[in-house]
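Q: I would like a close look at one part of this structure, set against the rest of the chain. Please keep it plain.

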Amino acid sequence: METFTGLRMRQFQGLLRAVRERGGDGPRTGRPWCLPLADRVLVVAVYYRTNLTMRQLAPLFGVSPETGAG
């Protein structure tokens, strides 16, 4: 975790809790997310840490870089 995000597991869990408390799962209308909240937060954390593009990150998470769909 720390290698890819720069966050220790406890820090990542705190970030995830903060996102969840602020409505990070969003409204339950429209197209559903293809990744669970924890994975979506992880993608963003890895993106900010590594500056990889979505095209580079998408295969690591099993999603399409164009739509974010699985």
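What follows is one request and one connected answer. How do helix 2 and helix 3 pack, and which residues make the contact?

A: This is a predicted model, in which local features need pLDDT of at least 70 and side-chain atom pairs count only at pLDDT 80 or more, while totals for chains, interfaces and linings use all residues. Residues are numbered from 1 along each chain as its sequence is written, and side-chain values use heavy atoms, with hydrogens and water left out.

The setting comes before the pair itself. The protein chain has four helices and zero strands (DSSP runs numbered from the N terminus, H or I of at least four residues for a helix, E of at least two for a strand). Read from the N terminus, its elements run α-α-α-α. Along the principal axes, the C-alpha atoms fill a box of roughly 35 × 30 × 15 Å. Of the 70 residues, 21% count as buried (under 20% relative accessible area; exposed is over 50% and partly exposed in between, with a 1.4 Å probe and protein chains only). Among contacts (heavy atoms within 4.5 Å) between residues at least 6 apart in sequence, 41% join residues at least 24 apart.

Now the pair. Helix 2 and helix 3 pack with their axes 10 Å apart and at an angle of about 115° (axes are lines fitted to C-alpha atoms over the stretch in contact, and angles run from 0 to 180 degrees between N-to-C directions). The crossing of helix 2 past helix 3 is right-handed (the near helix is turned clockwise from the far one by less than a right angle; anticlockwise would be left-handed). Helix 2 brings Phe12, Leu15, Leu16, Val19 and Arg20 to the contact, and helix 3 brings Leu37, Ala38, Val41 and Leu42. Sorted by class, these are eight nonpolar residues, no polar ones and one charged residue.

Leu16 shows the contact from the side of helix 2. Its relative accessible area is 11%, so Leu16 counts as buried. Neighbours within four places in sequence aside, Leu16 is in contact with Leu37, Ala38 and Val41. Ser64, by comparison, is 48 residues from Leu16 in sequence, with 23 Å between the two C-alpha atoms.

Leu42, named above for helix 3, also touches Thr5. Thr5 lies in helix 1, which covers residues 2-5. Beyond its neighbours within four places in sequence, Thr5 contacts Ala45, Val46 and Arg49 as well as Leu42. Thr5 is buried because its relative accessibility is 8%. Its side chain also takes part in polar contacts (N or O atoms within 3.5 Å, one able to donate a hydrogen and the other to accept it; residues adjacent in sequence count only if both atoms are side-chain atoms). A polar atom of the Thr5 side chain lies 2.8 Å from the backbone oxygen of Met1, and the side chain reaches the backbone nitrogen of Leu7 at 3.0 Å.

The loop between helix 2 and helix 3 adds a charged link. One salt bridge is found in the whole structure (a side-chain nitrogen of Lys or Arg within 4 Å of a carboxyl oxygen of Asp or Glu). The partners are Asp25 and Arg40, whose closest N and O atoms are 3.3 Å apart. Asp25 sits in the loop between helix 2 (9-21) and helix 3 (37-50) and Arg40 in helix 3, so the pair ties together parts that are 15 residues apart in sequence. Asp25 is partly exposed, at 25% relative accessibility, whereas Arg40 is buried at 14%. The Arg40 side chain also reaches the backbone oxygen of Gly24, at 3.3 Å. Leaving aside neighbours within four places in sequence, Arg40 is in contact with Gly24, Asp25, Trp33 and Leu35.

Arg28 belongs to the loop between helix 2 and helix 3. With 71% relative accessibility, Arg28 counts as exposed. Its C-alpha atom is separated by 29 Å from that of Leu7, 21 residues away along the chain.

After helix 3 comes another loop, leading to helix 4 (54-61), and Asn51 is placed in it. Asn51 is not a glycine, yet it has a positive phi of about 60°. Its relative accessible area of 61% makes Asn51 exposed.

Terms used: Ala, Val, Leu, Ile, Met, Phe, Trp, Tyr, Cys and Pro count as nonpolar, Asp, Glu, Lys and Arg as charged, and the others, Gly among them, as polar.
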